[in-house]
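Q: Could we go through this one together, starting with how the chains meet and then moving on to whatever else stands out?

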Amino acid sequence: MTSNQRIGAGQFFLMIFLSRVVLTLTYSINSGGHTISNADWFAALFMPLILLIMGVPAFVFLHHSPGGDLCDFAFTLGTGVGKAVSLLYGLLFLLLTFTPVARFSFFVTSTTQTEKGEWFFPLLIMAAVSFGAAKGVQAIARTGAVLAVIGIAAIAAIVLALIPRMDMLNIYNPLAGGIREVGSSVLLLIANSLELSMLYMLAPHIRGSVKKAYLGYCVTAPLMLFLVLFTVMAVLGPYATLQLFPFYSVAGIAKIGELTNLSALEASVWIVGVFAKCALYLYFSYRCLSKVVSLPHRWMWFVLLGSLSAIAAAMSSDNVKKAQLNFSVVGSLWINAIFLIVLPLILTVAGAIKRRKQNATMDSMVG
Amino acid sequence: MRRWILWLVSLSLLFGLTGCSDTAPLKEKLIIEGIGVDYAENRFEVTLQVYAPSTEGVSKKGYQTFSAVGETLYQALRLVDENTGKYSYYSDTKVVVFSLDALQKGLWNNVEYFVRSSEMGSNVALAATRGRAADLLTVEGEGNNIPARVLSNALHYGKSDVGPISGELMTVSAMLVNDWGEVSLPMLAVEKKEGKGYPYFDGVLCFHQDTPQYQMTEQEKWVYNWMHEYYDDRAFVLPYDNHLYALQIRDSKRKIKVYVDKDVPVFTVSLTLTCDIMETNSAHGVVLTDLEDLKTKMEETVSNLTRSTLQQVAVTQQCDVFDLGRTLRKQHHDFVRRAGDLSTALKNSRFECITEVIIARAGQGSVDE
Amino acid sequence: MEQTKLSSLLIQNVMQVRSAYASSGDLNVRMLSSGEHRFACITLENMVNKQILNDMLLKRLVRQPLSGPPMNCFIQIEEEISTASEQKRISTLEQLYEMMASGFAVLLMDGVPLGLALGFQGFPARGVQPPENEVMERASHEAFVDVLKLNTPLLRRRMKTKDFVIETMQVGRSSQTQVAVCYLQGRASEGTVAKIKQQLRSVKIDTVLESGYLQPFLEADSRSLFPSVGVSERPDTVCAKISEGRVAILVDGSPFCLITPFLFSEHFQSMDDYTMNPYYATFIRLLKYLSFFLAMLLPGFYVAVGEHNPEVFPSAIFFKVVDAEVATPFSLLWEALIIHTIYEIMREAGLRLPKSVGHAVSIVGALVIGEAAVTAGLIGAPMIIVVAVTALASYVIPSLYYPTAILRFLFIIVGGLSGLFGVVLLFAVVLTEITSLNAFGVPISAPISPFDLRSMRDTVARLGWKTLSRRIAKVQELHGAEEETR
């Protein structure tokens with residue numbers, strides 16, 4: 001990326017935080033068969049350490065990377081490797097683009113606007129997302145920073161408004177269901193940590209300390225998770241297990257002054273979060289896939305990828321069974337493992353071996 | 001040029017094919033304020049109280065009522081839509097009233113549709129009535145308030161002789177799906193009597209799978225208020241030493257601890273009541289009794305009353321209207337899982353009560369030391 | 001462009017000028033002699049102060065016969081006889097035409113291939129008057145006028161430092177309009193100044209009559225709704241911007257000065273903010289931000305919520321909306337579109353009508369829209385309130401009127417078709433549009449995003465002068481500004 005595409009560390013922090021907020025708000029009881037319980041907010045307390053550990057491969061890669069992103073690094077190992085990695089990550093980011101859109105579409109057609117067809121929101125959102133992505137990463141990061149602050153304020157307002165409705169009788173020993181339940185919650189939270197992929201694409205182009213920004217995320221994101229999940233359980237109790245989108249339902253009970261239903265506020269935070277997050281991922285997808293194939297004009301990429309995402313989102317949210325795939329924990333865990341840990345580590349090691357060979361060759365030539 | 005065409009085509013597709021025009025405008029919506037559910041002859045009868053906009057010729061009352069009958073609640077509600085040609089809008093629904101007959105078909109059968117509905121708010125008030133639910137929706141209020149709103153306000157804010165009873169959709173459903181397998185549910189009984197246009201509360205009906213319904217006694221209502229920390233100007237009349245003292249409770253706090261002694265739960269309830277002496281009724285004029293004495297007597301009375309009530313309800317009604325099951329689950333979840341049948345566990349429970357009374361104000365009058 | 005040098009022969013020069021202005025009837029050529037030398041004084045009708053020309057030059061020439069070599073006489077006139085405070089030696093016909101068109105009197109001498117342009121301008125021009133568009137409660141009452149030479153002193157008086165630079169250049173093939181690029185040397189970025197000058201030189205417009213003609217060439221993205229170039233008719237405002245490292249561009253013939261880079265948050269700032277108590281100034285700023293959001297979002301929000309998400313309304317308002325909508329034949333979307341279109345028609349009519357007829361428009365508007373439409377049941381009363389609040393709010397920030405007017409319609413359409421989520425999504429798109437604009441390397445969404453804490457003391461809030469004076473705020477030092485601009 002050129003210098004006009006550098007973003008601040010604070011903006012990176014807010015973007016990655018916003019991505020997590022969106023996922024938390026989209027928590028559904030359909031999440032891979034997991035039932036919401038007190039184990040969930042308890043599991044959030046382990047996330048700072050887990051996120052730190054999950055970030056290690058990324059920082060190892062960054063330490064060894066000469067300055068580009070993951071795809072650029074792959075090209076240094078060979079054109080074939082570069083194209084293959086770019087294609088894989090391009091498709092990953094495309095998946096990460098349409099999945100939140102599909103979830104949102106499923107949500108809104110299940111709750112407030114049931115009369116809308118399954119195509120409406122994917123097309124609407126992807127039109128906006130494509131526009132945002134075409135503006136470049138700087139614009140997306142700046143917008144995301146503002147939206148993140150608004151989102152945090154909105155969630156804080158909802159949580160504060162719900163304090164009088166909290167019943168501590170709903171909060172019981174999180175280990176009551178056994179370690180398995182806590183483990184299942186932890187796995188769910190790990191499965192929803194794909195926003196770490198931002199590190200591989202953005203980190204080389206961040207002005208400021210990436211480590212501090214990531215550390216901040218490791219502390220604040222689990223805190224936000226904890227607050228949201230704790231609030232849901234404290235207010236709804238067992239009723240949460242009957243709600244498709246518990247935080248949306250709980251926001252409907254919140255009351256601030258004359259406003260007696262804050263569920264629209266929660267859904268608005270959700271959709272702007274989806275916008276910022278998906279615009280960034282769509283941009284990443286373009287960055288990766290444009291290294292594999294070239295199109296005459298830049299705007300064609302955003303039209304093409306936006307259309308593909310809209311189609312994928314619409315088709316994957318038109319019935320409950322397909323929607324459950326969007327929330328699949330096992331699938332997400334595999335994707336996490338492959339794209340956040342295995343592939344980057346393989347590339348890092350391959351890069352280190354290649355550099356060592358090159359140094360040895362140069363030494364022998366000099367000697 | 002091509003980009004503009006692309007935008008035009010996309011927007012046309014977006015707004016033409018995706019059903020965005022399917023939204024019903026407000027004038028085609030039935031804004032449902034109250035729902036009454038009755039059951040007779042194996043059918044559900046629903047009565048919907050709908051807001052009527054203030055246009056001439058439609059309704060000067062501000063509301064209209066529609067009814068339909070169906071084999072299920074959903075079927076009956078759908079029939080209203082079909083008969084009126086409008087779309088039901090539940091987001092502004094304030095109250096749902098069930099007749100006893102309907103409730104006896106099973107609580108879940110009655111509330112399931114409302115729980116699944118995405119529009120219905122989680123804090124819709126639920127109430128029960130011995131008579132017909134449809135009749136209850138015709139109560140009058142002050143001004144031009146819709147009866148359903150009057151009823152809802154009365155349920156949420158009104159001064160009944162029992163505090164806010166768990167009658168929200170959320171709390172009712174939560175009890176139905178709690179993980180200790182019991183259903184115990186107090187619901188305010190609301191009635192409309194001849195000659196009285198406004199709704200009045202006629203006791204508390206408790207629902208349980210083994211005990212379809214029973215009515216809370218006065219004694220249980222007292223204890224219910226303390227256990228739920230609801231005070232709100234409750235007057236406690238204490239007969240003591242040939243006097244009758246009316247004590248107004250300012251504040252009540254309670255703590256419940258439970259431990260399991262050889263598979264028997266032992267509940268220890270700690271109550272702190274802060275009250276004022278409002279009135280004494282003495283043959284010898286106004287006399288202020290030794291406050292310490294009065295305090296001790298009150299503490300004994302409350303403790304005994306609480307203990308005996310909790311024991312009695314647990315044994316005779318197999319019903320947990322005092323939320324002890326949730327407390328037991330919170331503090332001893334493993335025991336609840338092992339016990340399986342909470343009803344038996346509660347039946348065998350022991351109860352202890354420690355009360356502290358704080359007399360905040362004693363009013364005017366001479367002090368006879 | 002090839003320049004035609006002046007001839008030593010007076011008659012040849014005069015013939016060429018007459019030939020060039022053959023079709024124009026406002027050319028004046030006064031032939032005169034002084035001693036043995038012949039002169040021609042060429043002016044354009046009503047561009048020169050004839051009295052001063054006569055007194056300060058022509059009388060002296062005639063009464064003081066000159067003798068000697070022509071060049072010596074020319075120099076004598078230049079240094080001793082002419083008392084014009086501004087004079088310039090010219091050597092080409094093109095310079096002659098330019099000087100004449102600028103109100104100079106040009107003196108040609110037989111035997112000398114040079115001319116002397118004397119600044120005896122006397123063309124009709126508007127005097128310095130109070131500003132019409134940026135009315136302030138407590139600030140200077142001077143505004144720019146249409147003549148560049150009268151505008152630059154207004155700035156120079158306020159920026160007395162020698163670092164204040166006014167560079168002039170010409171734009172427009174036919175109009176050859178004078179443009180002044182003003183900045184503080186050492187504070188404005190050299191790269192930015194160079195880029196601005198380059199952009200101005202690349203303007204290919206034939207006739208530049210107003211600063212607005214040049215504005216698109218300086219914008220970050222001329223297709224964007226939001227401007228990255230500010231406009232002001234107040235010299236004090238322009239000086240304040242210049243002191244923050246910005247560049248001001250004055251155009252001859254226009255009382256509106258262009259300022260760049262111009263941040264989005266500056267639309268909400270005014271001179272009054274800095275002369276008031278900081279608490280009140282902050283309150284007014286917040287009011288302005290609120291007004292902007294109301295002007296842009298309120299109608300769309302109302303339509304979206306009324307049509308698709310009525311659960312957002314508190315019950316009392318909800319029933320009022322229902323009552324209104326049931327009584328009217330149109331949906332909320334169409335009501336909003338109709339009423340806002342009528343409002344824009346009224347506004348445009350009110351702008352163009354003579355003042356004497358102007359209040360007829362407001363009466364008709366009030367009667368037609370306010371009274372009759374509601375009584376007839378065509379438009380609901382809540383919608384009238386929404387329009388009224390929106391209209392008032394949009395005038396709080398006049399510089400953003402045009403973008404908000406267009407976006408308002410967009411929000412209404414999107415809200416009516418897709419509900420609250422569409423409105424929120426479009427808001428995010430608009431926000432992205434604003435954040436994507438960089439004016440000469442400076443993001444216009446700064447200091448809000450990229451966030452710059454130090455600069456926030458004069459963005460939403462306005463801290464006191466004791467705090468503000470601790471540091472000179474420079475636009476190129478904002479977070480996110482490119483390295484080249486620093």
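A: Before any counting, contact here means heavy atoms within 4.5 Å. Please keep in mind throughout that this is a predicted model.

Q: Fine, so how many residues of chain A and chain C take part in the contact?
A: Chain A contributes 32 residues and chain C contributes 30 residues. The area buried between chain A and chain C is about 2,600 Å², and carbon and sulfur atoms give 66% of that area.

Q: Which residues of chain A lose the most area to chain C?
A: Those are Q113(A), K135(A) and R142(A), which together make up 20% of what the chain A side buries.

Q: And how many salt bridges are there between chain A and chain C?
A: The count is one salt bridge. K135(A) pairs with E433(C), the closest N and O atoms being 3.0 Å apart, and K135(A) is also among the residues of chain A that lose the most area to chain C.

Q: What about chain B and chain C, how many residues are in contact there?
A: There, 21 residues of chain B are in contact with 19 residues of chain C. The two chains bury about 1,600 Å² between them, with 63% of it on carbon and sulfur atoms. On the chain B side, L26(B), K27(B) and Y51(B) lose the most area to chain C, together 37% of what that side buries, while the salt bridge count between chain B and chain C is zero.

Q: How many salt bridges does the search find over all chains?
A: A search of the whole structure finds 37 salt bridges. One to look at within chain A joins D69(A) and K291(A), where the closest N and O atoms are 3.9 Å apart.

Q: Why does that pair tie together parts that are apart in sequence?
A: D69(A) sits in the loop between helix 3 (47-64) and helix 4 (70-76) of chain A, whereas K291(A) sits in the loop between helix 12 (263-289) and helix 13 (298-315) of chain A, so the salt bridge links parts that are 222 residues apart in sequence.

Q: Switching to chain B, how do helix 8 and helix 9 pack?
A: Helix 8 (residues 218-227) and helix 9 (residues 291-317) of chain B pack at an angle of about 105°, with their axes 10 Å apart. Since angles of 65 to 115 degrees count as roughly perpendicular, helix 8 and helix 9 of chain B are therefore roughly perpendicular to each other. Residues making the contact include W222(B), V223(B) and W226(B) from helix 8 of chain B and V302(B), L305(B) and L310(B) from helix 9 of chain B. By class, the contact has eight nonpolar, five polar and one charged residues.

Q: Any backbone oddities, and where are they? 
A: Most residues other than glycine have a negative phi, and most peptide bonds are trans. K262(B), which is not a glycine, has a positive phi of about 55°, and K262(B) lies in the loop between strand 11 (243-261) and strand 12 (264-281) of chain B. In chain C, a cis peptide bond joins T260(C) and P261(C), with omega about -5°, and P261(C) is in the loop between strand 10 (257-260) and helix 9 (271-275) of chain C. The peptide bond from S449(C) to P450(C) is also cis, with omega near 5°, and P450(C) is in the loop between strand 12 (442-443) and helix 16 (465-468) of chain C.

Q: Last one, which domains does the assignment give for chain C?
A: The assignment gives domain 1 (10-118), domain 2 (148-262) and domain 3 (274-436). The C-alpha centres of domain 1 and domain 2 of chain C lie 33 Å apart.

Notes. Residues numbered from 1 in each chain as written. Chains lettered and ligands numbered in written order. Predicted model: local features only at pLDDT ≥ 70, side-chain atom pairs only at ≥ 80, totals over all residues. Heavy atoms only, no water. Domains from an automatic or database assignment. Axes fitted to C-alpha atoms, helices over the stretch in contact; angles between N-to-C directions. Helix = DSSP H or I, 4+ residues; strand = E, 2+ residues; numbered from the N terminus. Parallel < 35°, antiparallel > 145°, perpendicular 65-115°, else oblique. Nonpolar A, V, L, I, M, F, W, Y, C, P; charged D, E, K, R; others polar. Buried area = accessible area lost by both parts, 1.4 Å probe. Salt bridge = Lys/Arg side-chain N within 4 Å of Asp/Glu carboxyl O.
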